[in-house]
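Dear colleague,

I am passing on a structure that will be new to you, and below it I set out what was found. Please read the notes with the structure open beside them.

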Amino acid sequence: MTALGHGGSPSIAAPDYWWYRARADLLESALRDLVEGVGTALDLGSADGPSAAWFREAAGRVASLDIDPRGLGSDGVCGSALQLPFADGTFDAVAAFDVIEHCAPEADALTEVHRVLRPGGRFLMSVPAYTWAWTDFDVANGHHRRYTRRRAVAAVEAAGFRVERATYGFTTVFPLFAAERAVRKLTRRRTDGPHDIVEVPQVPPALNSALRSLCGVDRAALRRTDLPFGSSVFLGATRTG
C-alpha cells in the first residue's frame with residue numbers, strides 16, 4: 001500500500017492544516033449523498049482522520065484499516081490495501097481518500113476494493129491531480145502516480161465499477177497550487193526518496209484560516225455541479241455485479 005520508507009499521512013502530525021480540513025469539507029459536499037445511511041463501511045487509509053470523520057458519520061458502522069498503526073484507534077486494523085483482510089462482500093461502502101496513488105499495482109488495490117464490496121456497494125476515492133504537477137513532494141509522500149479525471153474514471157471502470165460522479169476539487173486555490181509546483185520545479189528540489197511522515201508547509205494561523213475559507217467557494221459549487229480543474233480528483237462509484 002505504501003512505497004518503501006513511507007509511513008503515515010502528514011495529517012497525523014498536523015490535523016488542523018488547512019488542506020486536510022478543506023478536503024474533508026469538499027469530499028463531504030461532493031460525495032456524502034452517495035453513502036448516506038449505507039450500513040457497514042470500510043475507511044481505508046483511516047490514519048487520515050480529518051478527511052474521514054464525515055464518512056464515518058454518514059455511513060453508520062465503519063471499520064478502519066491503515067498500513068500505519070499510528071493513526072488507528074484501538075479497534076482499527078493494520079493492513080495493506082493490496083491484500084485486504086476481509087471476506088468477499090463484507091461492506092456496503094469503502095472510502096479511500098488519497099490512498100490509491102500509493103498503491104502499486106493500482107489495479108490490485110481496486111480489485112481488492114471491488115472484492116470486499118457487496119454488489120451495488122459504493123466506492124469513494126480521492127487522488128492527486130495532473131502528472132505535470134509531479135515534484136519531490138510526490139516522491140517524499142510515496143506516490144506512484146497522479147491523475148486526470150479521465151484517468152481516474154478509466155481505472156475505476158476497469159475494476160468493475162460504474163462511476164456516479166467524478167469531479168476536480170481545490171479549484172479556487174488552484175493558481176496558488178500551480179505556482180508552488182512551478183517554484184519547486186525551477187528550484188530543482190530533490191529528495192532522497194519516500195519519507196516516513198512528510199512535514200506540511202508552515203503557514204501563519206491567519207493564512208491557514210484564509211485558505212480554508214477560500215475553499216468554501218468550491219464547497220458551495222460542488223453541491224450543484226462538477227468542477228472543471230483542480231489539484232485533486234474526487235470520485236464516487238458503484239460496484240456492478
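S231 is a convenient place to begin, and it sits in the loop between α7 and β7 (232-239), where helices (H or I, at least four residues) and strands (E, at least two) are DSSP runs numbered from the N terminus. Please keep in mind that this is a predicted model, in which local features need pLDDT of at least 70 and side-chain atom pairs count only at pLDDT 80 or more, while totals for chains, interfaces and linings use all residues. Residues are numbered from 1 along each chain as its sequence is written, and side-chain values use heavy atoms, with hydrogens and water left out.

With a relative accessible area of 8%, S231 is buried (buried means under 20% relative accessible area, exposed over 50%, and partly exposed in between, with a 1.4 Å probe and protein chains only). Leaving aside neighbours within four places in sequence, S231 is in contact with P128, A129, R146, G169, F170, F174 and F177, contact meaning heavy atoms within 4.5 Å.

One of those partners, F170, lies in the loop between β6 (161-169) and α6. Its relative accessible area is 0%, so F170 is buried, and its phi is near 65°, a positive value in a residue other than glycine.

Two further partners of S231, F174 and F177, lead into helix α6, whose buried residues are F174, F177, R181 and R184. Seen down the axis of α6, these buried residues fall within an arc of 85°, so they line one face of the helix; the arc is that of the directions from the helix axis to the C-beta atoms. An α-helix has 3.6 residues a turn, so residues three or four places apart point the same way. The buried residues of α6 pack against α4 (136-140), whereas the face turned away from the buried side carries the exposed residues P175, L176 and L186. As for length, the 13 residues of α6 (residues 174-186) should span 18 Å at 1.5 Å a residue, and the end C-alpha atoms are 18 Å apart, which agrees; the expected span is 1.5 Å times one less than the number of residues. Just after α6, R188 takes a positive phi of about 50°.

The loop between β4 (91-97) and α3 (106-116) holds P105, and the peptide bond from A104 to P105 is cis, with omega near 0°. D98 is found in that loop between β4 and α3 too; its phi is near 55°, a positive value in a residue other than glycine, and D98 counts as buried at 16% relative accessibility.

In helix α3 itself you will find H114, which counts as buried at 16% relative accessibility. Leaving aside neighbours within four places in sequence, H114 is in contact with A159, G160, F161, R239 and T240.

Finally, there is a helix pair to look at. Helix α1 (residues 18-31) and helix α7 (residues 205-222) pack at an angle of about 10°, with their axes 9 Å apart. That makes α1 roughly parallel to α7, a term used for angles under 35 degrees, with over 145 counting as roughly antiparallel, 65 to 115 as roughly perpendicular and the rest as oblique. Among the residues that meet are W18 and L26 in α1 and L211 and C215 in α7.

With kind regards

Methods
Axes fitted to C-alpha atoms, helices over the stretch in contact; angles between N-to-C directions.
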